[in-house]
Amino acid sequence: MPKSITVDRVSKTYGSGEDAVHVLDDISISIPEKQFVCILGPSGCGKTTLMKMMDGLIDLSAGEIRIGDNVITEPTPEAALVFQNFELFPWRTTLENVELGLEILGVDKSTRRERARTWIDRVGLDGFEESYPSELSGGMQQRVGLARALCVDPEVILMDEPFGALDAQTKDKMQTQLLQLWEQEKKTVVFVTHDIRESIFLADRVLVMGTKPSSIVEDIEIPFERPRWKRRVEIENDERFAEIEQLLRERLGLKAEEEPEVVQ
Amino acid sequence: MATADESPLRQRLTLSMDDRNHQLILQAGFGVFLLALYSAFAYLGYPSERIPSILMIVEALQVQIAEEGLLGAVWDALYAIFIGFFLATLVGIPMGILMGVSRTIEELLDPYVNAIYVVPYAAIVPALIVWFGTGIRIRVAICFLFAFFPIVINSFEGARTTPEGLLEVAESFNASWLFTMKNVVLPYEIPYILAGLRMGIGRAVRGLVLVEIIVAVTGLGGLIQNWSAAFRLEGVISVVLVLMFLGVTLPWLMGKVYDRLIWWDVERAGF
């Protein structure tokens, strides 16, 4: 069962005394189960830190994060992380990379092979089971990353700018495929990005983070109905899309009407 | 595997089979030329005690094999190299890994590893003779000391540079320390360890040469000592040739093992 995520008055400070750096300040977010949330923010705003806290990889300085009713103190199989730079093990084949989580959980070999194969098929990597990451394109590598996360059947999927390292066309395809997968079987998703259009196309709800110290400066619902994965053009041409994009731009401190500086 | 995307530079650095045969012929030819040059010097006017002819060197080798136990000495030398190298592997790899993954252990051991690294071994051989005698044990000890450092330093370097992201993946699945060591650090380390072993075996041979020359009572060093006491240079050269042969072949064999074992490397993985 997908679970809700509660971020309850969370702060993060690195160092202490005069050198203390406040990365996150008193952030509260409530994400209901099966919601797809995008966290949008400029680089260095602490969105990755927040996400890694949700996974239990980073300790909190104050506050509490809960997945369902469980307080997160260390990584749990309930949440799975998809990394920006894929982070595949170069000495493992696609199959071995995908089954990693199950291997750590102690699932026996034949079961984990079978489940890994199912996920490899579902992300469209059928036939590449025995390939090594160096033989795959960036998009394919991130599909392996996605399958690796989904293979442990998590309640919550945390994605840290997962398509940030891909070229525009591959990114489009990956977004569509992610929506297709998600719309078949809804899980709670937190998706960190700095791409405004990506966040509008994917999410049920977009949170905008500001910097220094970070806090949530905007929280809006995205009105487009599901399923969306076949309707990219229609959605992107909707006038509400442009309005939301403009609002989010302003919230991020980017003013569209500003004249670019002309170098004489 | 992925040959399509090899850069022109890579292709230039990777010799084809034809190139390799070509290279062998060239090298062998140059060897023959050097031998001829040497023979010419030996033949033209110089007294044979100063520059022994190749024939004399070969005869000296035959005499030693037949009468003075050269093969036994070579066997002892190989034995010392392998035992010393093996012990260095046994201690060096785990020690390097632990230093690489634990800040505390690194800080604890680092100054001592560095300090021992700069000790001039030739200077401490007398002390080692007192401790280990002049037989096989001192040879093992010196080979160990020589082989140890490249092994421990490479193993340390590999463990230390294990990509943070890969460790985080294991951590995000809540993997145990042992799982992470076995499935993240160690596989990432393998190319580093093998590079360390290759350097280590080469250094073990150099350590052996040093100990043979300095101890010079038994073994190959003893043979050199006997020949040079009698001013028979052909004998000295013949033993040195044997040592050179060991010094070239052992690292070469290790390189073959390396090529066999490596099925992925750091460069190809794009770290």
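A residue counts as buried here if 20 or more other C-beta atoms lie within 10 Å of its own, the C-beta atoms being placed from the backbone. With that cut-off in mind, and remembering that this is a predicted model, the tour can begin in chain A.

**First stop: A:Gly41.** Select A:Gly41, which sits in the loop between β3 (36–40) and α1 (47–55) of chain A. Because 23 other C-beta atoms lie within 10 Å, A:Gly41 is buried. To see part of its surroundings, add A:Lys47, A:His194, A:Val208 and A:Met209, with which A:Gly41 is in contact once its neighbours within four places in sequence are left aside. If you then draw a distance from A:Gly41 to A:Cys151, C-alpha to C-alpha, you should find 29 Å in space for a pair that is 110 residues apart in sequence.

**Second stop: helix α4 of chain A.** Select residues 109–122 of chain A, the 14 residues of helix α4, whose end C-alpha atoms are 20 Å apart, in agreement with the 20 Å that should be spanned at 1.5 Å a residue. Now colour the buried residues of α4(A), namely A:Arg112, A:Arg115, A:Ala116, A:Trp119 and A:Ile120. These residues cover an arc of only 140° around the axis, and therefore they lie on the same side of α4(A). Turn to the other side of α4(A), and you will find A:Ser110, A:Thr111 and A:Glu114 exposed. Showing α2 (94–98), α3 (100–105) and α5 (138–151) of chain A brings up elements that are included in what covers the buried residues of α4(A). Before leaving, step just past α4(A) to A:Gly124, which takes a positive phi of about 85°.

**Third stop: where chain A touches chain B.** Display both chains and select their contacts, which involve 18 residues of chain A and 17 residues of chain B. On the chain A side, the largest share, three residues, comes from α3(A). Coloured by class, that side of chain A shows ten nonpolar, four polar and four charged residues.

**Last stop: helix α5 of chain B.** Select residues 103–117 of chain B, where the 15 residues of helix α5 should span 21 Å at 1.5 Å a residue, and where the end C-alpha atoms, 20 Å apart, agree with that expectation. Centre the view on B:Leu109, at which α5(B) bends by about 40°, and look onward to a proline, B:Pro111, which follows within four residues. Is this helix largely buried or in the open? Of the 15 residues of α5(B), the number buried is zero, so the helix lies largely in the open.

Notes:
Residues numbered from 1 in each chain as written. Chains lettered and ligands numbered in written order. Predicted model: local features only at pLDDT ≥ 70, side-chain atom pairs only at ≥ 80, totals over all residues. Helix = DSSP H or I, 4+ residues; strand = E, 2+ residues; numbered from the N terminus. Expected span 1.5 Å × (residues − 1). Buried ≥ 20, exposed ≤ 12 C-beta atoms within 10 Å, placed from the backbone. Arc of directions from axis to C-beta. Contact = placed C-beta atoms within 7 Å. Nonpolar A, V, L, I, M, F, W, Y, C, P; charged D, E, K, R; others polar. Bend = angle between axes of the 7 residues up to and from the residue.
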